[in-house]
Amino acid sequence: LPNLLTTSALFAGFFAIVAAMKGLFDQAAIAIFVAMIMDMLDGRVARLTKTQSDFGAEYDSLSDIVSFGVAPSLIIYTWVLESFGKAGWLMAFVYTAATALRLARFNVVSQEDKRYFQGLPCPSAAALIAGLVWYAHDHSLSSESLRHLAAIVTILASGLMLSTFPYHTFKELDVRNKVPAVFAVVIIGIFVGISLNPPQGLFTVFIVYAASGPYLWMREKYKARRGHREDQETE
């Protein structure tokens, strides 16, 4: 079952490539989000059914490089980056390479703190690109008017994947026990916002998540600097 879900994610990524080649960019973007759902489910199902395996882990990584590396880069390239000429396909390639490097680092580097990812996860980076394309299509915005924004998003997504910024995994949340009321309200608000306008809601959610990494990094640096200053004053 987990491998079947991984295959479904791979299928969605492949479908996104085919849809982008035909100019169906809204369908291509939606397929990326479908691949994200399948990718979230396969690991959880494997843990629930106790069917984790090295084969499954490797297969999942190979699926991810297609669904969250090659597919988003081809979507953004055929949508608008092609207008930049050689620089356009180089930006698309850098994104694909960053995805591969991010996945390789995730596979070989053990996470000391399970609460955080090191660098922006590949599905979230793909969601930034797919969200921009879907949002533009939903609001009838021309790709040409957003060409520079698309280039910035592609470069930023690549850089954030390769960064060491901490990103919440949300694995510390135990939904089987009591959940803080504020957290419940936030979750409900997110679902309502996405339901009212899926393209805008999803794009906004992943922009906030992408920005949370640099924010957490700066907050930790500030705390460490303030603690060091207080220690000096005490001495």
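Read from the N terminus, the elements of the chain follow the order α-α-α-α-β-α-α-β-α-α, which amounts to eight helices and two strands. The model is a predicted one, and the values reported below were computed from it. For a chain of 235 residues, a compact globule would be expected to have a radius of gyration near 18 Å, and the 19 Å found for the chain agrees with that expectation. Along the principal axes, the C-alpha atoms fill a box of roughly 65 × 45 × 40 Å. Of the 235 residues, 40% are buried. Among the contacts in the chain with a separation of 6 or more, 80% are made by residues that stand 24 or more positions apart.

Several of the helices can be described by their length and by how far they are covered. Helix H2, which covers residues 25–49, has 25 residues and reaches 36 Å from its first C-alpha to its last, close to the 36 Å expected at 1.5 Å a residue. Just after H2, Lys-50 takes a positive phi of about 55°. In helix H5, residues 122–138, the 17 residues should span 24 Å at 1.5 Å a residue, and the end C-alpha atoms are indeed 24 Å apart, which agrees. H5 is mostly covered, since 14 of its 17 residues are buried, and just after this helix Ser-140 takes a positive phi of about 55°. Helix H6, residues 147–162, has 16 residues and reaches 23 Å between its first and last C-alpha atoms, close to the 22 Å expected at 1.5 Å a residue. The buried residues of H6 include Arg-147, Val-153, Thr-154, Leu-160 and Met-161. Arg-147 also takes part in an arrangement with an aromatic residue, as its charged end sits over the ring of Phe-84, 4.0 Å from the centre of that ring.

Aromatic side chains provide further links between the elements. A pair of aromatic rings is described by the distance of the centres and the angle of the planes. The structure holds seven aromatic pairs. One of them is formed by Phe-33 and Phe-206, whose rings are tilted, with 6.3 Å from centre to centre and 45° between the planes. Because Phe-33 lies in helix H2 and Phe-206 in helix H8 (residues 198–234), this pair ties together parts that are 173 residues apart in sequence. Both Phe-33 and Phe-206 are buried. A second tilted pair is made by Tyr-135 and Phe-203, with 6.0 Å between the centres and 35° between the planes. This pair, too, links distant parts of the chain, as Tyr-135 is in helix H5 and Phe-203 in helix H8, 68 residues apart. With a relative accessible area of 23%, Tyr-135 is partly exposed, whereas Phe-203, at 12% relative accessibility, counts as buried. Ring pairs also link Phe-33, Trp-134 and Phe-206 into a cluster.

Individual residues show how contacts are made between parts of the chain. Ser-63, which lies in helix H3 (residues 54–79), counts as buried because its relative accessibility is 2%, under the 20% at which the cut-off is set. The side chain of Ser-63 reaches the backbone oxygen of Thr-6 at 3.4 Å. Residues up to four places away in sequence being left out, Ser-63 touches Thr-6, Ala-9 and Leu-10.

A comparable description can be given for Thr-96, which is found in helix H4 (residues 86–108) and, at 18% relative accessibility, counts as buried. The side chains of Thr-96 and Ser-73 are joined by a polar contact of 2.9 Å. When neighbours within four places in sequence are set aside, Thr-96 is in contact with Ile-65, Gly-69, Val-70 and Ser-73.

In helix H8, Leu-216 is buried, with a relative accessible area of 7%. Leu-216 and Tyr-167 are separated by 49 residues in sequence, yet their C-alpha atoms are 7.8 Å apart in space. Residues up to four places away in sequence not being counted, Leu-216 touches Tyr-116, Pro-166 and His-168.

Technical notes. Residues are numbered from 1 along each chain as its sequence is written. This is a predicted model: local features need pLDDT of at least 70, side-chain atom pairs count only at pLDDT 80 or more; totals for chains, interfaces and linings use all residues. Side-chain values use heavy atoms; hydrogens and water are left out. Rings of Phe, Tyr and Trp (its six-membered ring) pair if their centres lie within 6.5 Å; planes under 30 degrees apart count as stacked, over 60 as edge-to-face and the rest as tilted. Helices (H or I, at least four residues) and strands (E, at least two) are DSSP runs, numbered from the N terminus. Buried means under 20% relative accessible area, exposed over 50%, partly exposed in between (1.4 Å probe, protein chains only). A charge sits over a ring if NZ of Lys or CZ of Arg is within 6 Å of the ring centre and within 35 degrees of the ring normal. The expected span of a helix is 1.5 Å times one less than its number of residues. A polar contact is a pair of N or O atoms within 3.5 Å; within protein, one must be able to donate a hydrogen and the other to accept it, and residues adjacent in sequence count only if both atoms are side-chain atoms. Contact means heavy atoms within 4.5 Å. The radius of gyration is taken over C-alpha atoms; the globule rule is 2.2 Å times the number of residues to the power 0.38.
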